[in-house]
Amino acid sequence: MKKLINEPDAVVDEMLEGMVAAHPGLRRLEGTEVVVRADAPVEGKVGIVTGGGSGHEPTHAGYIGDGMLDGAAAGEVFTSPTADQLSEMIQACDGGEGVFCVVKNYEGDVMNFETAIEMAEMEADTDVEYVVVDDDVAVEDSLYTSGRRGVAGTIFVHKVAGAMAHRGADLAEIERVAEKANDRVGTMGTALTSCVTPEKGEPTFDLGEDEIELGIGIHGEPGTERTEVMSADEITDHLAEAVLEDLDPAEGAEVATIVNGMGGTPLMELYVVNRRLQELLEDRGLETWNARVGDYMTSLDMMGCSITVLELDDELKELLAAPAETPGLTVTEG
Amino acid sequence: MDRETQAEAIREATAAMADRMAAEKSALTELDSAIGDADHGANMNRGFQAALERLEDADDDPAELVKTVGVALVSEVGGAAGPLYGGSLMKASGEFEDGITAESSVAFAERYLETLEERGKASVGDKTMVDAVTPAVHTYRKAIEVDDSDPLEALGKAVDAAERGVAFTTPIRAKKGRASYLGWRSVGHQDPGATSTLYLLEELLAVAEEYLNGDVEVDAEADVDPEELEEPALEDGADGGP
């Protein structure tokens, strides 16, 4: 398999180096795989941080910037960062008001974050709260997870937590809106092809030429069913209906959506999916306030997509509309 | 036993554990390749080597030493075993703030188990290290508090109990950790985490025997309190035990 890599072991380190070189607003904590805002810690503001395995770019460090994250820790590919690095990140992002962690629901991530929080509390007396995002409606108790997985809906949680912190809210308020966003968001994905990890150099799972996996996770972990390849509209209907069934939004509700590419999907195809998604939402009497299309949380080079729907209320809408400037997501005034 | 001797015992126990992890690296990896991702032996070996290195610069304070080992494991073992072993040691190390005594070793052992269960969200019967730690901790406490055993004897019983706990993991189905993804296919395989726990406890016991049987010269002027004598065992237990 052809790859633009040097040594598999060096991929994460070299990626972070290149990322920081591209974005002057980012800074790497020396001797770690942690990236923070260049001006971290921001005095008087709760720090918003996240972390997880690499291979999901622009997640995680790509959402660092004004109005979103203050720091992100990168683990090895598809592997949780270690608790000592997470703890360093937490301490580096504490501007005196404490730190809020956005954790995706994977056993390794949750355990390492919980340990890191204890370390930060012990070493620096940092106030820390966290949310565990579990937006994937496809499966309970999958590979790597007890309960539902945390996937692309996490982007919305980053955004509302980041905007809330930017406003000067305290830890409890940030936790409240983050939990609210997590309660109101659902995601489901599909894979057309397997991803290829740098270490292994070959497909993580076998998927036939004319097969797709529905309910796929972001590490190539199995979903709910394997079916024959379907049209874009059929796939979109399948994913969106599963999400809406789980979410059960109120009649006439406003929603924000993400059609997220898994890393190897042409943008053209994502727009085709979005077209059908918006038709379907309209048919259901839902009103899309904002529709995002692009690579937000990828799975290396996997072809496929996920569909995320967030049921809005006034507060969430305001927080999503608040300005943000990061490598992976920018929202401008008005 | 004075603090310096306690510290020495902790260092020695850590070294013995590191040697054992190096020796069992392949065996643990083999167990893990049957029901996990085949890295437990290498990860534990790397973690304990790092712990040894970090202990070189650490102060001779029992709580600090145990915590240092915990942080090293958290940083270097990775996966779930890092936070489970390392995080539990870090948390439990606080019980040794006033040194190692029979009493503080019981508190240490219980705190270790509690943290392990909480962090791993696992209970007895899930086919995890909890299955080795729980019988060891319960047996240790009972031996000290009910049977009035001395700490060395209590630790010996605890190791026996852990061994039975490890054996118990073989015929049961995994409900937590990576092995749980195998469902019924996990039956018939011994749990690697429970196994490494037993190995560490065995090393703890061996070092405790050395210290508590008086094979090591202890400064006669140190305020030797029979309770403190129990400490090394306990403290070591902290490292490897739970």
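Which strands of chain A does helix α6 lie across? Keep that one in mind while you look at the model, which is a predicted one, by the way.

Okay, the answer: α6, residues 232-247 of chain A, lies across β7 (185-191), β8 (211-214) and β12 of chain A. If you follow the directions, α6(A) runs at about 155° to β7(A).

So what are those strands part of? In chain A, six strands form an open sheet, and the order to trace with your finger is β9-β8-β7-β12-β10-β11. The pairing in this sheet is mixed. At the edges you'll find β9 (225-228) and β11 (287-294) of chain A, each pairing on one side only. Going from neighbour to neighbour, the strands are turned by 20° against each other on average, if you ignore direction.

Let's zoom in on one pair. β10, residues 254-261 of chain A, and β12, residues 304-311 of chain A, are antiparallel partners over seven bridges. If you want a spot to click on, find G261(A), which stands opposite C305(A) in β12(A).

There's another helix packing on this sheet: α7, residues 267-283 of chain A. It touches β10, β11 and β12 of chain A, and its direction makes about 165° with that of β11(A).

Now zoom out to the whole of chain A. The domain assignment splits it into domain 1 (10-183) and domain 2 (185-331). Their C-alpha centres lie 22 Å apart. How many residues of domain 1 of chain A are in contact with domain 2 of chain A? It's 41, and they meet 42 residues of domain 2. On the domain 1 side, the elements giving two or more residues are α4 (154-166) and α5 (171-183) of chain A. The largest share, nine residues, comes from α4(A). By class, that domain 1 side has 21 nonpolar, 13 polar and seven charged residues.

Over to chain B. UniProt, in an unreviewed entry, lists residues 8-206 of chain B as "domain: DhaL". That span is 71% helix and 0% strand, and its end C-alpha atoms lie 14 Å apart.

Last stop: where the chains meet. Here 14 residues of chain B are in contact with 12 residues of chain A. On the chain B side, α4 (62-77) and α5 (81-93) of chain B each supply at least two residues, and α5(B) gives the largest share, five residues. Sorted by class, this side of chain B has six nonpolar, five polar and three charged residues.

That's my tour, thanks!

Notes. Residues are numbered from 1 along each chain as its sequence is written. Chains are lettered from A and ligands numbered from 1 in the order in which they are written. This is a predicted model: local features need pLDDT of at least 70, side-chain atom pairs count only at pLDDT 80 or more; totals for chains, interfaces and linings use all residues. Two residues are in contact if their C-beta atoms, placed from the backbone, lie within 7 Å. Helices (H or I, at least four residues) and strands (E, at least two) are DSSP runs, numbered from the N terminus. Ala, Val, Leu, Ile, Met, Phe, Trp, Tyr, Cys and Pro count as nonpolar, Asp, Glu, Lys and Arg as charged, and the others, Gly among them, as polar. UniProt positions are given in the numbering used here, feature names are shortened, and annotations may be inferred rather than shown by experiment. Two strands pair if DSSP finds at least two bridges between them. Axes are lines fitted to C-alpha atoms, for helices over the stretch in contact, and angles run from 0 to 180 degrees between N-to-C directions. Domain bounds come from an automatic or database domain assignment.
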